[in-house]
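Let's take a walk through this fold together, starting with its charged side chains and moving on to its strands. Keep the model open beside you as you read.

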Amino acid sequence: QAQLVESGGGLVQAGGSLSLSCAASGRTFNRMGWFRQAPGKEREFVARITFTANTFYADTVKGRFTISRDSAKNTVYLQMNSLKPEDTAVYYCAADARPLFQAPTWDYWGQGTQVTVSS
């Protein structure tokens with residue numbers, strides 16, 4: 001059974017940095033990514049990386065967040081710099097096994113980790 005386990009997160013002041021990790025087990029994935037959900041809002045895409053190390057970011061985090069992966073450890077990371085109060089949310093790791101020529105369906109999800117940015 002595939003499983004995604006997040007770690008990291010916490011409380012940081014605006015302008016600070018945090019790093020999230022997501023360790024996958026049970027299988028490998030062609031794409032892994034991060035989503036977030038703020039209170040009262042829909043879950044939104046943050047960033048994703050393919051097994052070829054191709055990355056894509058939401059405009060709201062581009063230039064501040066960096067997604068990376070360690071294929072040997074089956075782990076994906078999200079380095080978050082210059083954090084803003086509006087980045088406060090529960091961050092979820094997600095994974096997709098579909099071929100890259102198909103749109104992802106993000107069938108696998110972690111439990112989520114809280115990131116809080118104080119002003």
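A salt bridge here is a side-chain nitrogen of Lys or Arg within 4 Å of a carboxyl oxygen of Asp or Glu. By that rule, the structure holds five salt bridges. Before we go looking for them, some ground rules: this is a predicted model, in which local features need pLDDT of at least 70 and side-chain atom pairs count only at pLDDT 80 or more, while totals for chains, interfaces and linings use all residues. Residues are numbered from 1 along each chain as its sequence is written, and side-chain values use heavy atoms, with hydrogens and water left out.

Start with D96 and R31, whose closest N and O atoms are 3.1 Å apart in a salt bridge. This pair ties together distant parts of the chain, 65 residues apart: D96 belongs to strand β9 (residues 89-96) and R31 to strand β4 (residues 31-37). Strands in this account are DSSP runs of E with at least two residues, numbered from the N terminus. As for burial, the scheme is simple: buried means under 20% relative accessible area, exposed means over 50%, and partly exposed lies in between, using a 1.4 Å probe and protein chains only. D96 has 1% relative accessibility, so it counts as buried, and R31 is buried too, at 5%.

Now for a small cluster of charges. Which residues are linked in a network of salt bridges? They are R36, E44, R64 and D87. Within this group, the side chains of R36 and E44 meet at 2.6 Å, N to O. R36 is buried, with 5% relative accessibility, whereas E44 is partly exposed at 34%. Elsewhere in the network, D87 forms a salt bridge with R64, and here the closest N and O atoms are 2.7 Å apart. That pair also links distant parts of the chain, 23 residues apart, with D87 in the loop between β8 (75-80) and β9 and R64 in the loop between β6 (55-57) and β7. Both D87 and R64 are buried.

R36 and E44 turn up again in the lining of the largest pocket, along with Q37, A38, K41, E42, P85, E86, T88 and A89. A pocket, on a 1 Å grid over the protein atoms alone, is an open set of points where a 1.4 Å probe fits, with protein on both sides within 12 Å along at least five of seven lines; a lining residue has an atom within 4 Å of a point. The volume comes to about 170 Å³, taken as the space filled by probe spheres set on the points, which are joined across faces, edges and corners. The lining divides into five charged, three nonpolar and two polar residues. In that tally, Asp, Glu, Lys and Arg are charged, Ala, Val, Leu, Ile, Met, Phe, Trp, Tyr, Cys and Pro are nonpolar, and the others, Gly among them, are polar.

On to the sheets. Two strands pair if DSSP finds at least two bridges between them. One open sheet has four strands in the order β1-β3-β8-β7, paired antiparallel. β1 (3-8) and β7 (65-70) stand at its edges with a single partner strand each, so one side of each lacks a neighbour in the sheet. From one strand to the next, the twist averages 15 degrees, the angle being taken between N-to-C directions on a 0 to 180 degrees range, with axes fitted to C-alpha atoms.

At the β1 edge, six bridges join β1 to the antiparallel strand β3 (residues 18-25), with V5 opposite A23. At the β7 edge, six bridges join β7 to β8, again in the antiparallel sense, and R69 stands opposite V76. The hairpin of β7 and β8 has four residues between the strands, and N74 takes a positive phi near 55 degrees there. Look at the two faces of β7: F65, I67 and R69 are covered, while T66, S68 and D70 are uncovered.

Strand β11 (residues 113-118) shows a similar split, with T113, V115 and V117 on the covered face and Q114, T116 and S118 on the uncovered one. Strand β2 (residues 10-13) pairs with β11 in the parallel sense over four bridges, Q13 having S118 as its bridge partner. β9 pairs with β11 in the antiparallel sense over three bridges, and V90 stands opposite Q114.
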